[in-house]
Every structure is written in C-alpha cells, then in structure tokens.
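Welcome! Please work through these exercises with the structure in view, and try each task before you read its solution.

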Amino acid sequence: MSMGNWERLVWNQRDALIAGFAVTVEVCVIAFAAAIVGGLILCLVRLYVAPLRPIAIVLIEFFRDTPIFVQLMWVSYVWPELFGFPGSFFSAGWLALGLQSSGYLAETFRTGIEGVPRGQREAAFSAGMSPAQTFSRIVMPQVVLATAPSIVNQFTVIVKSSTLVSVITVPDLMSQSQRLVNIWYEPIEILTTTAGIYILFVFLVSSAGKFLADHLRRRYGLVAYS
Amino acid sequence: MSDSLKQALDLSLFWEYRGILLQGLVFNALVFLCAAVLALSAGLGAALMRVNHFFPTRLIGTLHVELFRNAPDYIMLVWVHFVLPLLIGIVIRRRVEFHPFVSAVIALGLVYSGYFAETFRAGIEAIPLGNLDAARAFGMSERLILWRIMLPQVVRRMLPEALNQFVSLFKATTIVSLIAVPDLMYAVSMVTQQEMRPLPLYTGAALTYFLIILMFASGVRAFSERWRRKILA
C-alpha cells in the first residue's frame with residue numbers, strides 16, 4: 001500500500017470515477033425532481049381529493065414501507081413486463097429512487113400544510129382570494145420554508161440509496177469503482193476513495209441543509225420541521 | 001398486459017418456494033438483531049464521547065457520527081467485506097477473510113450506530129444538569145449516575161425515535177444479499193435464475209417486506225403517539 005498504488009489505481013483512473021460521479025449526480029437530481037413532483041401530487045390528492053384518498057394513502061405507505069433495494073428490483077424487472085416501462089435501467093433507477101422519496105416527501109408536505117393555521121386561509125378567503133391564490137400565495141410559501149431542511153435531507157437519502165443502481169448496471173460512481181476493482185483485484189485504494197467521495201458529498205449536502213435551516217429560522221423566525 | 005398482470009399476481013410460485021424464502025427471512029431477522037445490538041452499543045459509546053468534556057474524546061465521537069451517518073449502507077457493506085479484512089491482514093500479517101454474515105453485521109451496525117449516537121445524545125442533552133449535580137452531591141459514582149440517572153431518562157425520551165431507526169435498519173438488511181448473505185432477496189434471485197419468472201417472485205418479495213414493515217411501522221407510530229402523550233407530555 002504505497003503512494004504509487006494510489007496513483008496507479010485512483011489518480012490514473014480519475015476519468016472513470018468522475019464519469020461515474022456525474023452519472024450519480026444525474027440519477028439523484030432526476031430522482032429528486034420526480035420525488036418532489038410525485039410527493040406534491042400524492043400529498044394534495046391525500047388532503048383534497050376525497051374519492052382518491054385511499055389510493056394515495058396506500059401508495060404513500062407502499063413507497064415508504066418497502067425497502068429501496070426491493071423496490072429497485074421490482075421496478076426494474078417487473079414493471080417493464082407489467083406496464084411496458086421503464087425502458088432502460090437508467091430510468092428504472094431514478095424512478096425507483098423517486099418513488100420511494102415521493103412517499104416520504106408527501107408526508108413532509110402534509111405536515112407542512114397542516115402546520116399553517118386555519119385562520120390564515122379563512123382570512124385570505126374573506127379578503128377575496130381564490131382557493132388557488134390562497135394555496136400558492138399564503139400556504140405554499142410557508143410550507144416550502146418550513147419543510148426546506150427535510151427536503152434537503154431527503155436528497156441525502158436519495159444519494160445514499162443511489163449506490164444501489166449499480167446493481168442494475170447503471171454506470172454510476174459505485175459501479176465504476178467496482179469495475180476498477182474487478183480489473184486489478186486491489187480494492188483497498190479504490191473502494192476507500194469511493195467511500196470517501198460519497199461520505200464527503202453527503203456531508204456537504206446535509207451541512208448545506210443545516211445551514212439553510214438555521215438561516216430560515218433566523219430570517220423568518222420559523223420552526224423548521226425535520 | 002392483463003396476462004402479465006395475472007402472472008405478477010399469481011403468487012403460487014412464490015408459495016411453492018416458501019421453505020427457502022422463509023429461511024431467507026430468518027437471515028434478515030438474524031442480521032437485524034446482531035446489527036441492532038452493535039449499533040446500540042457503539043452508538044451509546046459514541047454519544048457518551050460526544051458529550052465528554054475532554055476535547056480529543058469529543059472529536060473522536062463527532063468523527064464517528066459524521067463518518068457513519070453520512071456513509072451509504074451499500075458502500076460500507078462492500079468496504080467492510082472487501083477492504084477491512086485486507087487492512088487487518090496487513091496489520092497482523094496474516095490472511096483474514098470475513099464471513100458475509102459478519103461483514104453485514106459490522107457494516108450495518110456501524111452505519112446505524114451513527115444514527116443511534118445522535119438519538120442518544122439528544123436524550124442525554126435533555127437531562128437537566130441539576131439531576132447530575134444532585135447525583136454527584138449524593139456521592140454516586142459516574143457509572144452509577146450513567147445507569148440509574150441518565151439511561152432511564154434517555155431511553156424514555158429516545159424510544160419513539162429509536163424504534164423508527166430499528167425499522168430503517170430492518171429495511172437496510174435487504175441489501176446484504178449483495179455480498180451473498182442468503183437472505184430473502186438472495187433466495188428470490190436464486191429461484192428467479194432457476195425459474196426465469198421474475199414477475200411473481202419479485203412482486204411476492206416486495207409484498208412480503210411491505211407487509212412486515214407496514215405492521216412494524218404502524219405499530220411504532222401508534223406506540224410513539226401514545227408514548228409522547230403519556231410519558232413526555
């Protein structure tokens with residue numbers, strides 16, 4: 001375990017690792033966007049569309065209470081035959097990650113919406129605002145502020161879970177590093193570097209989340225849900 | 001579509017292999033139990049280090065928490081299984097290999113010790129300082145203070161959160177199949193290779209885990225709510 005090993009196994013392979021990291025970021029960002037949209041839809045249906053409420057509750061519970069690895073395998077191998085999509089492992093990867101997080105985010109949004117006092121809505125209505133205006137101008141800004149830290153936190157969960165997309169052959173950082181290990185059978189330097197990159201990345205994202213939470217609390221005096 | 005739907009929901013194949021699959025589930029439970037014990041003890045250790053007055057001790061505790069809380073389960077699992085034995089081997093100059101089960105317990109135990117440490121710490125910091133001063137004034141030893149004054153209050157306060165983390169830990173045990181611990185997912189992939197019918201098998205696995213975790217999670221939620229109202233109010 002000399003410095004030469006680090007140069008040969010890690011530094012000289014930096015292109016592969018960087019390409020892998022780029023795929024990791026791509027999968028995570030798409031999954032995160034999908035989770036926010038999906039979570040918002042699930043949450044709104046659960047709160048305001050009475051006939052569909054049971055379906056929303058079952059979906060939220062299913063996404064939250066099924067382990068991510070199981071969901072990933074299920075979406076990759078069962079969905080294409082069942083529904084005809086996703087067409088690639090890449091989309092299966094972000095879809096499974098997005099579905100699970102949408103369940104968690106739906107509950108986060110719900111806590112946020114229910115935290116806005118009823119009187120504010122009534123005041124908005126009596127001031128002549130429409131329900132849509134009330135939601136987008138009165139309720140939503142407060143929900144976003146209050147739930148921002150948990151939303152950031154959910155992104156770190158996605159990053160951690162995204163390591164599993166390597167199992168379905170998506171060429172992310174984890175996958176690239178395992179490929180390199182299988183070429184030389186010298187795992188120490190590569191796997192340690194990969195672990196370090198992931199830990200640092202998650203640490204930076206969650207520190208940003210904490211910073212954001214403190215900032216919001218100071219600026220707006222809000223108690224953040226976490 | 002309706003044909004494949006019928007196939008996906010026809011769980012008779014899943015039922016046919018119930019013996020192997022159930023054995024796999026037992027492995028999930030075993031990994032969970034051993035990792036939980038490790039996570040609780042290492043977590044308590046790290047939390048006590050973090051609230052220590054001695055700075056280097058506090059630093060080690062903080063490093064432990066930040067390292068393991070921010071590490072993805074899967075990379076830790078692979079690292080512990082493939083790198084840690086080599087490092088130990090270099091130190092003791094002998095070839096070392098970990099049984100997959102041991103690697104799984106160490107990796108998940110360490111990752112969750114990071115989460116448990118934070119839960120313990122929140123519980124410890126919520127104890128009024130006066131309690132500790134009073135105990136010291138009575139001449140209680142530090143060890144006695146830990147067991148009689150601190151832990152009972154900490155456990156009471158952290159119970160709901162800790163139960164949630166146990167649920168997460170159980171979910172995490174599904175990835176141990178990736179280093180060939182013969183758990184339920186491992187059994188499913190083996191049977192899939194034999195039968196070439198992933199639909200009913202993966203659907204069955206997803207439903208099985210979902211039902212088990214739903215049962216635990218909703219039990220935990222109901223319990224936490226009652227607990228918060230009764231004990232923490």
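**Exercise 1. A helix in chain B**

Which residues are buried in α5(B)?

Solution. Before counting, learn the ground rules. This is a predicted model, in which local features need pLDDT of at least 70 and side-chain atom pairs count only at pLDDT 80 or more, while totals for chains, interfaces and linings use all residues. Residues are numbered from 1 along each chain as its sequence is written, and chains are lettered from A and ligands numbered from 1 in the order in which they are written.

Step 1: fix the terms. A residue is buried if 20 or more other C-beta atoms lie within 10 Å of its own, exposed if 12 or fewer, and partly exposed in between, with C-beta atoms placed from the backbone. Helices are DSSP runs of H or I with at least four residues, strands are runs of E with at least two, and both are numbered from the N terminus.

Step 2: read along the helix. The buried residues of α5(B) are B:Asp73, B:Tyr74, B:Ile75, B:Met76, B:Leu77, B:Val78, B:Trp79, B:Val80, B:His81 and B:Phe82. Because 10 of the 10 residues of this helix (residues 73-82) are buried, α5(B) is largely enclosed by the rest of the structure.

Step 3: find the cover. It includes α8 (131-162), α9 (173-184) and α10 of chain A, and also α6 (84-92), α7 (100-125) and α9 (142-172) of chain B.

**Exercise 2. One residue of that helix**

Find what B:Leu77 touches, not counting residues up to four places away in sequence.

Solution. Step 1: two residues are in contact if their C-beta atoms, placed from the backbone, lie within 7 Å. Step 2: by this test B:Leu77 touches B:Ser103, B:Ala104, B:Ala107, B:Ile175, B:Val176, B:Leu178 and B:Ile179. Step 3: B:Leu77 and B:Leu108 have the most contacts inside the largest nonpolar core, which has 118 residues. Such a core is a set of buried Ala, Val, Leu, Ile, Met, Phe, Trp, Tyr and Cys residues joined through C-beta atoms within 7 Å.

**Exercise 3. Two helices packing**

Describe how α3(B) and α9(B) meet.

Solution. Step 1: helix α3 (residues 18-50) of chain B packs against α9(B) at about 130°, with axes 10 Å apart. Axes are lines fitted to C-alpha atoms, for helices over the stretch in contact, and angles run from 0 to 180 degrees between N-to-C directions.

Step 2: the two helices are therefore oblique to each other. Angles under 35 degrees count as roughly parallel, over 145 as roughly antiparallel, 65 to 115 as roughly perpendicular and the rest as oblique.

Step 3: B:Phe32, B:Ala35, B:Ala36 and B:Ala39 of α3(B) meet B:Phe166, B:Leu169 and B:Phe170 of α9(B). By class, this contact has seven nonpolar, no polar and no charged residues. Ala, Val, Leu, Ile, Met, Phe, Trp, Tyr, Cys and Pro count as nonpolar, Asp, Glu, Lys and Arg as charged, and the others, Gly among them, as polar.

**Exercise 4. Chain A and its partner**

How many helices and strands are there in chain A?

Solution. Step 1: chain A has 10 helices and zero strands. Step 2: 42% of its 226 residues count as buried.

Step 3: turn to the contact between the chains, which takes 31 residues from chain A and 34 residues from chain B. On the side of chain A that touches chain B, α10(A) gives the most, with 11 residues. By class, that side has 21 nonpolar, six polar and four charged residues.
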